[in-house]
Amino acid sequence: MASSAWITYNGLTLKPENGYTITQFEENTPIRISEDLLTGQHGGVVWKTKYAMKTIAIEGEILGGDSSTYFLLKNALINAFSALAEEDTLSVTVWNGSSKSIDAWVITQPIIVEKSGYTTTNQYRIELRAGSPYWSGSSAITGSCGLAISGGTPVSSPVGSPVLVVGGNRITLNNTGDVENYATFEIRNACTNPSVLNITTGATFSYTGTLVDGDVLQVGRSSAGEYCLLNGSNVYSYFTGTVFPIIRGVNVLAFSASSYSATATLTVNLYEKFLSI
């Protein structure tokens, strides 16, 4: 790990050029079960939910060169990996320049054992906890398309069958992550009753309404659930279908509308998820 990757957290990057080596990087993802008892009219109902959190341990060495530099590096490490740190994104960049990130908070601040005679170098250990077991790709996979096709005519929406898509342009996304994940969808400019269909899975969603040039319709899923926003305002009551996940492998998406202008576009952004770096 020391020679093939470096870690960034709260503005500090751990790599030899900055005076820090990484000798060990551990990931542990325990599956836990939460249980509760719900009391209803006809007695209690026990429900269980599985969830996972990832524990990350980082070990390495501070290389000060001299005592003054060592103590500066030590203080920088303690401040960056403080339990009070405001930034909680841990990023790992590997030898080929690709990187992944995960939201994690410090559960054990840097443990540095001062040993007699060691005033320029010392070992450290840090432990963090992530609420999700998945790492995220550092950059999104993006695709976009329009509806205006030379010589074409507007098509009906929503499309009833995934094999009968005509008139709408398509986007192909290849999810190379370890699991499926939800993308964000952005529809811009003049169109009526826009619809997006995942031809690969058959899942679809639609917005019942009209956009004019300059409008932005955003569709996606957050920790609070599905959302549909028109120029930042909630229009979920006009949303039908489901915000579908982008499954592993190739996904072909079709964009259509009952009427549209040449300016209407769909843009899809997907961050892949990985179980490990």
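In this predicted model, Thr121 is located in strand E9, which spans residues 121-130. With a relative accessibility of 18%, Thr121 counts as buried, because the cut-off for a buried residue is under 20%. The points below describe the surroundings of Thr121, then helix H1, Lys100 and a five-stranded sheet.

**Thr121 in strand E9**
- A polar contact of 2.9 Å links the side chain of Thr121 to the side chain of Glu61.
- The side chain of Thr121 also reaches the backbone oxygen of Ile62, at 2.8 Å.
- When neighbours within four places in sequence are left aside, the contacts of Thr121 are Glu61, Ile62, Leu63 and Tyr70.

**Helix H1**
- Helix H1 comprises 14 residues (67-80) and reaches 20 Å from its first C-alpha to its last, close to the 20 Å expected at 1.5 Å a residue.
- Tyr70, Leu73, Lys74, Leu77 and Ala80 are the buried residues of H1. They lie on the same side of H1, because they cover an arc of only 135° around the axis.
- Ser68, Leu72 and Asn79 are exposed on the other side of H1.
- The buried residues of H1 are covered by elements including strand E1 (5-9), strand E2 (12-14), strand E3 (20-28), strand E6 (54-63), E8 and E9.
- At the start of H1, the backbone nitrogen of Ser68 has a side-chain oxygen of Asp66 within 3.1 Å.

**Lys100 in strand E8**
- Lys100 belongs to strand E8, residues 99-112.
- Lys100 has a relative accessible area of 16% and is therefore buried, the cut-off being under 20%.
- The side chain of Lys100 reaches the backbone oxygen of Ile277 at 3.4 Å.
- Not counting residues up to four places away in sequence, Lys100 touches Leu90, Ser91, Val92, Trp135, Ser136, Ser138, Phe274, Ser276 and Ile277.
- Leu90 and Lys100 are ten residues apart along the chain, and their C-alpha atoms are separated by 8.4 Å.

**Five-stranded open sheet**
- An open sheet is formed by five strands in the order E12-E24-E16-E17-E22, with antiparallel pairing.
- Strand E12 (170-175) and strand E22 (239-241) are the edge strands, each of which pairs on one side only.
- On average, neighbouring strands of this sheet are turned by 15° against each other, direction ignored.
- Six bridges join E12 to strand E24 (residues 249-256) in the antiparallel sense.
- Ile171 has Leu253 as its bridge partner in E24.

Key: Residues are numbered from 1 along each chain as its sequence is written. This is a predicted model: local features need pLDDT of at least 70, side-chain atom pairs count only at pLDDT 80 or more; totals for chains, interfaces and linings use all residues. Side-chain values use heavy atoms; hydrogens and water are left out. Helices (H or I, at least four residues) and strands (E, at least two) are DSSP runs, numbered from the N terminus. Buried means under 20% relative accessible area, exposed over 50%, partly exposed in between (1.4 Å probe, protein chains only). A polar contact is a pair of N or O atoms within 3.5 Å; within protein, one must be able to donate a hydrogen and the other to accept it, and residues adjacent in sequence count only if both atoms are side-chain atoms. Contact means heavy atoms within 4.5 Å. Two strands pair if DSSP finds at least two bridges between them. Axes are lines fitted to C-alpha atoms, for helices over the stretch in contact, and angles run from 0 to 180 degrees between N-to-C directions. The expected span of a helix is 1.5 Å times one less than its number of residues. The arc is that of the directions from the helix axis to the C-beta atoms.
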